[in-house]
Amino acid sequence: MSFELDEIDVIPESWTRSHLLDLESLSTEEITTILDTAGRFKEATHGCKQKIDALSDHTVANLFFENSTRTRNSFSLAARRLGADTIEFSSSGSSLSKGETFIDTAKNIEAMNVDVVVVRHATPGTPHLLAQNIECSVISAGDGPHEHPTQGLLDILTIREHRGNLAGLTVALVGDIAHSRTARSNIWGLRKLGAHVIVCGPSTLVSRRWEELGVEVAYNLDDILPRCDVLNLLRIQFERQYTRPFPSVREYALLYAMNGDRMQRAKDDILIMAPGPINRGVEVTPDVADGPHSVILDQVTNGLAVRMAVLWLVAGARER
Ligand code: NCD
């Protein structure tokens, strides 16, 4: 079953971006436009199950140069829910191994009359580079440790759904802040919407310099826990590290894993979040990940709505 776009809305005049490269450069109003659009898509499509005839003459290419489960599949499903065709590119098995450059690869995909390119790459700034070199819309699906804008947006949408308003909430990002693109996008988005953000983890992964972004830096989870409305538990990104940042995973879990004991000392209505993939027993124990305070799978559901909204908004701005 599908229905027409005007049942949803028209793109607001104030939305002019044909790319989504980061949350740092977005205004509070632009972030709110994406969240509101995602909310309307979710409501009108009954949790995004029904198709909307919005991008039926469009082609969306997913260019993934890093592994992905949630982000890739939800971008792909979001495009199809909007009626678009999709191209699925993975670096493994492609002509990159034959010496083709990143830009040439993208230009060749674009030559298939593609309208929107979704890109994930290990190198920070890759989406920005692509936006300067190809004509179609570019959406970042994560560039190395820099930013992961749609993850930040879906995290914020999930908090907003459960709490109504971000202003005045205390949100702690716990774990590998140094290598987390999720952390950076959350910080930009949450701060613009008025939340108080704490970054917490071992000193080898959380520098004091994060205070320059207007966040509180903490090294002891038990100290900050009673003040937190939301915990976003970040994975230790071993694949981006050259040396071990702590003596053992077991020691890390003792100090920073959210477990049943710590839940006893948290606020009664605390929200437990994680971008996924979760490493059970490292940043979160199974009883907490699967417990009543966990909204980890709500985040995944909201990822689909956010990606539908972003695809629709950037494609619409490009046509305008
Ligand atoms: C995150 C990522 O890839 O940056 N995952 C995701 O997109 N859902 C976080 C992570 O890999 O830990």
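The following exchange considers a predicted model and the ligand placed in it.

Trainee: Into which domains is the chain divided?
Mentor: The division is not a simple cut along the sequence, since one domain is written as two segments, 2-147 and 302-319, and the other as the segment 149-299. The C-alpha centres of these two domains lie 26 Å apart, and 32 residues of domain 1 are in contact with 27 residues of domain 2. The chain is thus divided into domain 1 (2-147 + 302-319) and domain 2 (149-299).

Trainee: Where does the ligand lie with respect to the two domains, and why?
Mentor: The residues surrounding the ligand include Arg-70, Thr-71 and Arg-120, as well as Arg-181, Arg-235 and Gln-237. Because domain 1 and domain 2 both give residues to this shell, the ligand lies between them.

Trainee: How many charged residues does the shell around the ligand have?
Mentor: The shell includes Arg-70, Arg-120, Arg-181 and Arg-235, alongside residues such as His-148, Gln-151 and Pro-277. By class, two of its residues are nonpolar and five are polar, while the number of charged residues is four.

Trainee: What percentage of the area that the ligand exposes when taken alone does the protein bury?
Mentor: Among the polar approaches, an oxygen atom of the ligand is 2.7 Å from an N or O atom in the side chain of Arg-235, an oxygen atom is 3.0 Å from an N or O atom in the side chain of Arg-120, and a nitrogen atom is 3.0 Å from a polar backbone atom of Pro-275. Taken alone, the ligand exposes 320 Å², and the share of this that the protein buries is 93%.

Notes:
Residues are numbered from 1 along each chain as its sequence is written. This is a predicted model: local features need pLDDT of at least 70, side-chain atom pairs count only at pLDDT 80 or more; totals for chains, interfaces and linings use all residues. Side-chain values use heavy atoms; hydrogens and water are left out. A residue is near a molecule or strand if one of its heavy atoms lies within 4 Å of it. A polar contact is a pair of N or O atoms within 3.5 Å; within protein, one must be able to donate a hydrogen and the other to accept it, and residues adjacent in sequence count only if both atoms are side-chain atoms. Accessible areas come from the Shrake-Rupley method with a 1.4 Å probe; for residues, only the protein chains shown count as cover. Ala, Val, Leu, Ile, Met, Phe, Trp, Tyr, Cys and Pro count as nonpolar, Asp, Glu, Lys and Arg as charged, and the others, Gly among them, as polar. Domain bounds come from an automatic or database domain assignment. Contact means heavy atoms within 4.5 Å.
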